[in-house]
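Me: Please take one part of this model and look at it closely, and then work outwards from that part to its surroundings. I would like the terms explained as they come up.

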Amino acid sequence: MVRTLRPQVVGHEVQSLWTSGKALRLGRPLDTAALKKFAVGGRIVAVRRRAKYVVMDVALPDGTMGTSLVHLGMSGRLRVQPKDQERPAHTHVIWVLKDGREIRFSDPRRFGLVKAARDEAAHEELAALGPDPLSDLSAAYLEAELATSRAPLKAFLLDQSRIAGLGNIYVCEAMFISGLHPALPAHRAKERAAALFEAIQQTLREALVHGGTTLRDFIDSEGHSGQHQHSLWVYGREGDPCHKCQTPVKRKVDGGRSTFFCRVCQKR
DNA sequence: AAAACACCCTGCCTGC
DNA sequence: TGCAGGCAGGGTGTTT
């Protein structure tokens, strides 16, 4: 999302901002006043990613900065479209650009998050996040963290305070690639930390090369689907043959979420 | 400390 | 064709 959004909007001025006023995550109403205060009249100077958050930095006319934060949740989308194009259903925030285009956040399920503050440090959501797997994680750090947890490996990897940015799909994929069972207590995976680290990075890098994974909702800011869903090892493949050993892929549910794995290739 | 579950919300797909 | 049930890439809060 960031890779397609950045070249479209950096350097452009935010003329005005509109919100639906509807509540997003946890019933929290959109803070329209803050979203305006930290963007309107300013120039977008950077679009970045921190874990699963899209971070947009704006240089304001009074010389100060503003930082807007977007989490797409399950069904959130960011699109850049001309203002006269029909807006997507369930649009909740629009940054109107001076050149006649608009950045539109839509989110049917409203599990997403959009907020703004003075800077990144003022967003408490970001403070509790662990290292990013592609830039700040090392095999040594992962090994040390694994050693401190008895939780099932899958729960450990989904915990954003341990490692930030892995979701259900990529956790399933990384566990398959490294041959680790989702129920394995985290501390018992410590000897395999290097393999797990490599699997996590490989999974994310390949997904990025393929433009993301589109199962239902994901499209980038230009409206293109990802292609990585065609390269998944186990996710969504219940009953289909394992790509390594042909054993049917298993699905189990824990904590209300599906886990896909191969009971032959992934040892406890 | 950690697991299990409910919950926020809409859309889509399946089976009856 | 309609309806009910199940499912969904996330995160938080409560209970066990």
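Reply: The secondary-structure elements named here are DSSP runs numbered from the N terminus, a helix being H or I over at least four residues and a strand being E over at least two. In those terms, the part to look at is Ser 75, which is found in the loop between strand S4 (65–71) and strand S5 (77–82). This is a predicted model, in which local features need pLDDT of at least 70 and side-chain atom pairs count only at pLDDT 80 or more, while totals for chains, interfaces and linings use all residues. Residues are numbered from 1 along each chain as its sequence is written, chains are lettered from A and ligands numbered from 1 in the order in which they are written, and side-chain values use heavy atoms, with hydrogens and water left out.

Confidence comes before detail, and pLDDT is the predictor's confidence in each residue, on a scale from 0 to 100. Chain A averages a pLDDT of 94, and 100% of the residues score at least 70. Within chain A the mean is lowest, at 89, in strand S9 (residues 250–254), and highest, at 98, in strand S1 (residues 14–19).

Ser 75 counts as buried because its relative accessibility is 4%, where buried means under 20% relative accessible area, exposed means over 50% and partly exposed lies in between (1.4 Å probe, protein chains only). Its polar contacts can be described next, a polar contact being a pair of N or O atoms within 3.5 Å; within protein, one atom must be able to donate a hydrogen and the other to accept it, and residues adjacent in sequence count only if both atoms are side-chain atoms. The side chain of Ser 75 makes one such polar contact with the side chain of Asp 107, at 2.6 Å, and the Ser 75 side chain also reaches the backbone nitrogen of Arg 109, at 3.0 Å. Counting contacts in general (heavy atoms within 4.5 Å), and leaving aside neighbours within four places in sequence, Ser 75 is in contact with Ser 106, Asp 107, Pro 108, Arg 109, Arg 110 and Asp 217.

Several of these partners lead on to the DNA. A residue is near a molecule or strand if one of its heavy atoms lies within 4 Å of it, and the residues that surround DNA strand B include Pro 108, Arg 109 and Arg 110, along with His 90, Phe 111 and Arg 150. An N or O atom in the side chain of Arg 109 is 3.1 Å from a base oxygen of DNA strand B, whereas a polar side-chain atom of Arg 110 lies 3.3 Å from a sugar or linking oxygen of that strand. Further along the chain, a polar backbone atom of Arg 150 is 3.3 Å from a phosphate oxygen of DNA strand B. Of the atoms of DNA strand B within 4 Å of the protein, 59% belong to sugar or phosphate, the rest being in bases. By class, the surface near DNA strand B has four nonpolar, two polar and three charged residues, where Ala, Val, Leu, Ile, Met, Phe, Trp, Tyr, Cys and Pro count as nonpolar, Asp, Glu, Lys and Arg as charged, and the others, Gly among them, as polar.

His 90, from the surroundings of DNA strand B, is found in the loop between S5 and strand S6 (91–97). Its phi is near 60°, a positive value in a residue other than glycine, and His 90 is partly exposed, with a relative accessible area of 45%.

Asp 217, another contact of Ser 75, leads to the other DNA strand: a backbone N or O atom of Asp 217 lies 2.4 Å from a base oxygen of DNA strand C. A polar backbone atom of Arg 216 is 2.3 Å from a base oxygen of DNA strand C, and an N or O atom in the side chain of Arg 257 is 2.6 Å from a base nitrogen there. DNA strand C has 22 residues around it, of which Thr 213, Arg 216, Tyr 235, Arg 257 and Ser 258 come nearest. Helix H6 and strand S10 (257–261) each supply at least two residues of this surface, which by class has seven nonpolar, eight polar and seven charged residues. Sugar or phosphate accounts for 57% of the atoms of DNA strand C within 4 Å of the protein, and bases for the rest.
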